[in-house]
Amino acid sequence: GDGQNLFTKDVTVIEGEVATISCQVNKSDDSVIQLLNPNRQTIYFRDFRRKVFFQSLSINLNILESNISRCSFFPPRNLMIDIQKDTAVEGEEIEVNCTAMASKPATTIRWFKGNKELKGKSEVEEWSDMYTVTSQLMLKVHKEDDGVPVICQVEHPAVTGNLQTQRYLEVQYKPQVHIQMTYPVQGLTREGDAFELTCEAIGKPQPVMVTWVRVDDEMPQHAVLSGPNLFINNLNKTDNGTYRCEASNIVGKAHSDYMLYVYDPPTTIPPPTTTTTTTTTTTIILTIITGTLYIPIPFLIPTDSRAGEEGAIRAVDHAVIGGVVAVVVFAMLCLLIILGRYFARHKGTYFTHEAKGADDAADADTAIINAEGGQNNSEEKKEYFI
């Protein structure tokens with residue numbers, strides 16, 4: 001009632017320790033007196049005393065006199081966070097505010113963006129022994145901040161754990177463009193091959209316009225454009241150049257370039273899968289004047305069975321080889337003929353004479369003269385050597 005004087009003082013303790021709260025009432029009458037906690041729950045009524053819990057703080061009530069009045073301290077009632085703009089654009093600076101109302105003593109406010117702590121600027125306003133704290137954070141946003149929470153967290157003696165509130169950032173940014181070659185798979189572009197590029201564009205909002213252009217030249221007439229895909233069939237050297245993919249949204253435009261160089265087709269012929277080789281042995285029979293001479297001349301004539309253009313190329317090679325072999329054989333035949341004629345002209349000859357009926361001759365001359373038939377009847381024997 002009127003005229004009562006209440007005396008108390010603030011008590012600060014470390015979390016988990018015992019706090020002793022004292023209340024003194026002077027000039028007290030016999031009115032009903034209560035001791036309440038910050039949630040307006042009665043922890044003392046009349047002369048009943050008990051041990052209570054302020055969340056994780058253990059409160060030991062020490063009554064100096066039998067007359068008790070209300071003694072209390074208060075955590076913040078409301079914690080609110082406010083962002084200047086619901087949607088921000090990449091590179092823009094926005095203002096974020098956090099307010100903790102009706103606390104005693106004043107609340108400390110801390111800021112976090114994801115797991116990173118940021119520094120804000122706080123102001124304290126006192127009203128009827130209560131304190132309202134407002135903290136301001138200026139934040140420059142980037143595309144990486146899209147979807148990241150901004151957290152306002154309070155620290156107060158009457159609060160255990162983390163009392164916090166948060167808002168998620170929404171950041172718009174221009175497209176990011178990336179070109180990928182989907183064909184040929186090996187990555188080497190040659191004349192006659194097919195060629196395909198795919199353009200990937202990511203942004204917020206998602207790009208709705210993705211276009212292909214050829215830098216400093218017109219797009220080839222045989223090129224096919226289908227949304228983010230560029231397809232060119234049967235490449236040739238005239239397709240060389242720089243191809244650009246462009247994408248745009250309400251924030252801005254972006255592009256990426258791909259330089260195409262068409263290489264020559266392969267010039268080497270791949271090895272055959274199967275090859276059949278036939279070996280032919282030829283025996284040439286040569287007759288020279290008085291006798292027969294056998295000269296075996298073996299030689300190889302390879303034959304290759306193959307289909308298509310490669311078979312035609314091999315056929316030309318075989319014709320050349322066959323001609324060379326024929327010339328060699330003809331030269332050998334001519335040489336043999338010449339040798340045969342040479343040996344025929346230089347054959348060996350000798351004569352033998354037998355005198356019949358000259359056994360009684362006195363000397364050799366007489367025996368020859370008396371022989372039957374004389375010289376005219378002698379036989380000539382010839383032998384030939386090669």
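1. A salt bridge is taken here as a side-chain nitrogen of Lys or Arg within 4 Å of a carboxyl oxygen of Asp or Glu. By this rule the count comes to 11 salt bridges, and one of them pairs D86 with R167, whose closest N and O atoms are 3.4 Å apart. The two partners belong to distant parts of the chain, 81 residues apart, with D86 in the loop between strand 7 and strand 8 (88-89) and R167 in strand 15 (residues 163-168); helices (H or I, at least four residues) and strands (E, at least two) are DSSP runs, numbered from the N terminus.

2. The model is a predicted one, in which local features need pLDDT of at least 70 and side-chain atom pairs count only at pLDDT 80 or more, while totals for chains, interfaces and linings use all residues. Residues are numbered from 1 along each chain as its sequence is written, and side-chain values use heavy atoms, with hydrogens and water left out.

3. The protein has 2 helices and 24 strands, and 29% of its 386 residues count as buried (under 20% relative accessible area, with exposed over 50% and partly exposed in between; 1.4 Å probe, protein chains only). Among contacts (heavy atoms within 4.5 Å) with a separation of 6 or more, 61% are between residues 24 or more positions apart.

4. The largest nonpolar core (buried Ala, Val, Leu, Ile, Met, Phe, Trp, Tyr and Cys residues joined through side-chain atoms within 4.5 Å) has 20 residues, and those with the most contacts inside it are I94, V96, I109, W111, V150 and L169. At least two residues of this core come from each of strand 7 (78-83), strand 9 (93-103), strand 10 (108-113), strand 13 (130-140) and strand 14 (149-155), with strand 9 giving the largest share, 4 residues. Apart from this core lies another, of 17 residues, including I179, I232, A247 and V262.

5. Two aspartates in the loop between strand 13 and strand 14, D145 and D146, deserve a joint look. D145 is buried at 7% relative accessible area, and its side chain is joined to that of K113 by a polar contact of 3.2 Å (a pair of N or O atoms within 3.5 Å; within protein, one must be able to donate a hydrogen and the other to accept it, and residues adjacent in sequence count only if both atoms are side-chain atoms). D146 is partly exposed at 26%, and its side chain makes a polar contact of 2.9 Å with the side chain of K204. Leaving aside neighbours within four places in sequence, D146 is in contact with L169, E170, V171 and K204, whereas D145 touches K113, K140, L169 and V171.

6. The loop between strand 13 and strand 14 also holds K143, and E90 lies in the loop between strand 8 and strand 9, so their pairing ties together parts that are 53 residues apart in sequence. The closest N and O atoms of this E90 and K143 salt bridge are 3.8 Å apart. A further salt bridge, between D257 and R244, has its closest N and O atoms 2.6 Å apart.

7. On the surface, V320, V324, V328 and M332 make a nonpolar patch of about 340 Å² (residues with over 30% relative accessible area and no salt bridge, where like charges are joined within 9 Å and nonpolar side chains, Val, Leu, Ile, Met, Phe, Trp and Tyr, within 5 Å). V320 is placed in helix 1 (residues 308-345) and is exposed, with a relative accessible area of 52%.

Conventions
Areas by Shrake-Rupley, 256 points an atom, 1.4 Å probe, with all protein chains shown as cover.
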